[in-house]
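Welcome! Please take a look at the structure below, then work through the exercises one by one. Each task is followed by a solution in short steps.

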Amino acid sequence: MRYSMLAVAISTSLFLTACSEPPTNHTQSTSQTAAAQQINPLLSASPLQYQAPDFSQIKDAHFLPAFEQGMAEHLQDIQAIIDSPEPASFDNTIVAMEKAGPLLTRVSRIFFNLVGTDSNEARRALQSELAPRLAAHSDNINLNAALFARVESVYQQRDALKLDAESARLLEVYYQRFIKAGAKLTEQQKLAVRALNEEHSKLTTQFSQNLLKLSKAIAVVVEDKQDLDGLSDSQLKAAATAAEAAGHSGKYLLSITNTTRQPILASLNNRALRQQVWEASAYRGTDGELDNRPLVARLTQIRAQKAALLGYNNWAEYQLENTMAETPANVFNMLNSMVPAVVANTQAEQADIQAMIQREGGNFEVQPWDWAYYAEKVRQEKYDLDENEVRQYFEFNRVLHDGLFYTMNRLYGIRFEPRPDLPVYHPDVQAFEVFDHGGKSLAIFYADYFAREGKRGGAWMSSFVGQSNLLGQTPVVVNVMNIPKAPEGEPTLVSFDHVTTMFHELGHGIHGMFSKVKYPSLAGTAVSRDFVEFPSTFEEDWAALPEVLANYARHYQTDQPIPAELLEKVMKAKNFNMGFDTLEYMASALLDMEWHSLAADAPLQDVQAFEAKALAKHGVNLPAVPPRYKSTYFSHSIGGGYSAGYYAYMWSEILAADAFAYLRERGGLTRENGELYRKHILEVGNSRPPMESYIQFRGQEPTTDALLIRRGLKAQID
Ligand SMILES: [Zn+2]
């Protein structure tokens with residue numbers, strides 16, 4: 001996953017979420033302002049290398065005054081563009097907007113990164129207060145008639161301007177952005193859009209803050225150790241430590257991750273406790289003070305209403321314009337075409353699981369809380385694979401250095417050097433400087449891999465500083481994950497899934513770090529959503545390459561390489577349960593598309609009834625295989641960032657699988673392959689249409705064959 005911070009300053013702020021907490025007391029913040037301003041480090045560019053933020057100097061009290069000044073300065077910059085006595089030109093309008101509001105961009109990137117990785121009461125309150133103000137700020141620019149008149153004037157002259165390809169692309173991107181924000185609407189319609197944007201920003205903030213509170217509220221407290229039969233010693237220890245931290249000394253706390261399925265269900269022998277854990281997860285946000293259902297209903301309605309104002313039939317149409325997929329029909333076709341094969345695979349898996357239940361003397365039909373538990377038994381029977389034995393070959397530091405960094409070096413010639421002198425925002429974060437082949441410094445990279453309270457669930461990449469030749473900026477990039485950290489003094493052993501996610505996020509990371517464009521709006525990961533997961537998914541597959549595994553998969557105590565026999569089992573087991581994995585993903589992707597296919601005049605929906613109907617419509621409603629995310633905790637979709645965009649992971653995976661298969665044919669892990677891919681895909685960002693980049697790299701458009709093989713579904717399709 002990836003959240004764009006850049007979008008904050010200039011777009012409709014879909015990524016902002018706000019809050020149910022009372023807004024910050026204004027009198028107090030004004031009195032803080034004067035004191036903070038004299039030494040507010042946010043007000044000037046950081047003196048550290050590549051403007052890496054000086055976290056040692058930044059205090060929470062600095063944010064609000066920096067945001068306020070940032071918005072004011074941004075508006076002044078925009079006003080200067082409007083007031084220019086010169087006729088509108090590409091330089092004095094479009095390029096000037098690229099340069100406008102540097103303070104707001106800086107403080108937004110720092111603040112929203114910290115709210116995601118290291119939130120606290122004060123930051124959440126400020127986030128809530130800022131969300132509607134930033135939404136209004138964006139509207140002040142995007143709906144400004146005088147500004148748009150200049151943009152449109154430049155756009156109309158575009159053929160005569162003889163712009164280079166990147167500049168022509170930038171002009172197109174700006175023009176479309178204004179149109180889609182509502183620049184061509186009447187004043188009355190603009191007011192309606194503004195009201196919807198403001199409400200949207202408040203409700204998405206509340207949605208995400210409810211989820212954060214829920215993750216604490218729904219954790220399951222277990223009193224009796226016997227109920228935890230099946231957990232490993234280290235899982236028990238982690239549960240005891242978590243309980244201690246939450247004020248339940250002497251008990252055990254099972255935290256709930258932000259997906260319907262819960263990893264711990266694979267190990268718990270106690271069926272009643274499994275059910276309790278699963279229900280805590282699957283019913284979250286459906287009642288009480290943190291009920292997200294009204295937010296789901298209203299947010300999807302707001303989007304439909306905004307789409308209608310802008311001349312679209314629904315939000316999905318609006319969102320998909322200017323993506324690779326282009327239309328909702330293309331997305332539905334892609335997903336629906338795979339449903340039969342995926343359901344068939346899943347039913348075969350379910351039959352194996354049901355047989356295992358019967359063999360073990362169970363007299364019940366498999367329920368969602370049983371799936372992982374019995375799937376693990378089937379897996380052990382089929383592959384005789386002990387996850388805990390496998391983990392001993394995936395020690396975190398070894399994976400990072402001899403897996404990720406090694407692969408980056410083999411493909412792209414880059415090196416990661418620790419920079420302990422650079423300040424970090426949490427002691428678990430490590431800073432690195434990245435050097436290109438030939439020794440030139442390329443970027444700063446923060447590695448923030450461990451779970452902690454106050455960090456949003458999931459994994460993502462973001463930037464503190466984006467690349468731009470125009471602004472002379474070098475990337476400062478962060479990767480964030482939620483790997484459970486081993487207790488003090490013990491090595492952190494990770495699952496192969498975590499290893500894969502580490503490669504995935506670094507795939508986004510180098511998309512940011514290798515960016516080589518002029519304009520910040522077109523840099524690195526600022527591509528369409530159904531392209532952005534391509535570089536990350538592509539990088540995943542190197543983790544499983546025998547040559548790479550041989551380098552990092554070594555026993556944490558004996559340093560022995562992973563035995564060939566065990567490795568073979570790991571590789572064979574990789575596609576195990578792939579029917580379930582794919583189906584639960586597709587169910588969520590289709591649910592997301594259905595929510596955003598609602599028309600503006602549709603009434604507020606009964607969330608659970610809508611969900612059931614949408615899943616049944618597409619034949620993805622297997623009772624034992626619920627969607628990976630249900631609506632009340634579907635951050636991607638309802639939270640806004642990936643609304644009508646969750647399909648993008650699979651769309652991107654088609655590109656990734658095709659690209660990887662192509663490079664394997666060309667010799668796999670070589671510098672030549674790395675350079676080819678880097679040059680055509682990673683360096684160009686959004687400076688040209690994505691399919692054009694792909695064809696430059698590959699010589700042809702992708703097909704779905706490699707994806708089906710990657711997921712072990714090919715045989716069923718042929
Ligand atoms: Zn991703």
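**Exercise 1. Secondary structure**

How many helices and how many strands are there in the protein?

Solution. Start with the ground rules: this is a predicted model, in which local features need pLDDT of at least 70 and side-chain atom pairs count only at pLDDT 80 or more, while totals for chains, interfaces and linings use all residues. Residues are numbered from 1 along each chain as its sequence is written, and side-chain values use heavy atoms, with hydrogens and water left out. Now count DSSP runs, numbered from the N terminus: helices are H or I runs of at least four residues, and strands are E runs of at least two. The protein has 29 helices and 7 strands.

**Exercise 2. Overall form**

Find out which radius of gyration the protein has, and what a compact globule would have.

Solution. Step one is the rule: the radius is taken over C-alpha atoms, and a globule is expected at 2.2 Å times the number of residues to the power 0.38. Step two is to apply the rule: for 718 residues a compact globule would be near 27 Å, and the protein has 25 Å, which agrees. Step three is the box: along the principal axes, the C-alpha atoms fill roughly 85 × 60 × 55 Å.

**Exercise 3. Inside and outside**

Work out what percentage of the residues count as buried, and what the surface is made of.

Solution. Buried means under 20% relative accessible area, exposed over 50%, and partly exposed in between (1.4 Å probe, protein chains only). By this rule, 58% of the 718 residues are buried. By the Shrake-Rupley method with a 1.4 Å probe, the protein exposes about 28,100 Å², and carbon and sulfur atoms supply 50% of that area.

**Exercise 4. The cores**

Which residues have the most contacts inside the largest nonpolar core?

Solution. First, a nonpolar core is a set of buried Ala, Val, Leu, Ile, Met, Phe, Trp, Tyr and Cys residues joined through side-chain atoms within 4.5 Å. The largest one has 165 residues, and L254 and F445 have the most contacts inside it. Helix α25 (residues 648-665) gives the largest share of this core, 12 residues. A second, separate core has 31 residues, including L114 and Y425.

Next, look around L254, where contact means heavy atoms within 4.5 Å. Leaving aside neighbours within four places in sequence, the contacts of L254 include A219, L228, I264 and V277. Over the whole protein, contacts between residues at least 6 apart in sequence join residues at least 24 apart in 77% of cases.

**Exercise 5. Two helix residues**

Decide whether L103 and A195 are buried or partly exposed.

Solution. L103 belongs to helix α5 (residues 102-117) and is buried, because its relative accessible area is 3%. Among the residues that L103 touches are L42, L43 and A66. A195 lies in helix α9 (residues 187-217) and is partly exposed, because its relative accessible area is 45%. The C-alpha atoms of A195 and A135 are 9.7 Å apart, with their positions 60 residues apart in sequence.

**Exercise 6. Positive phi**

Find where Q51 and D559 are placed.

Solution. Most residues other than glycine have a negative phi. Q51 has a positive phi, near 60°, and is in the loop between α2 (26-38) and α3 (63-83). D559 also has a positive phi, near 65°, in the loop between α20 (546-552) and α21 (564-573). Q51 is partly exposed at 29% relative accessible area, and D559 is partly exposed at 34%.
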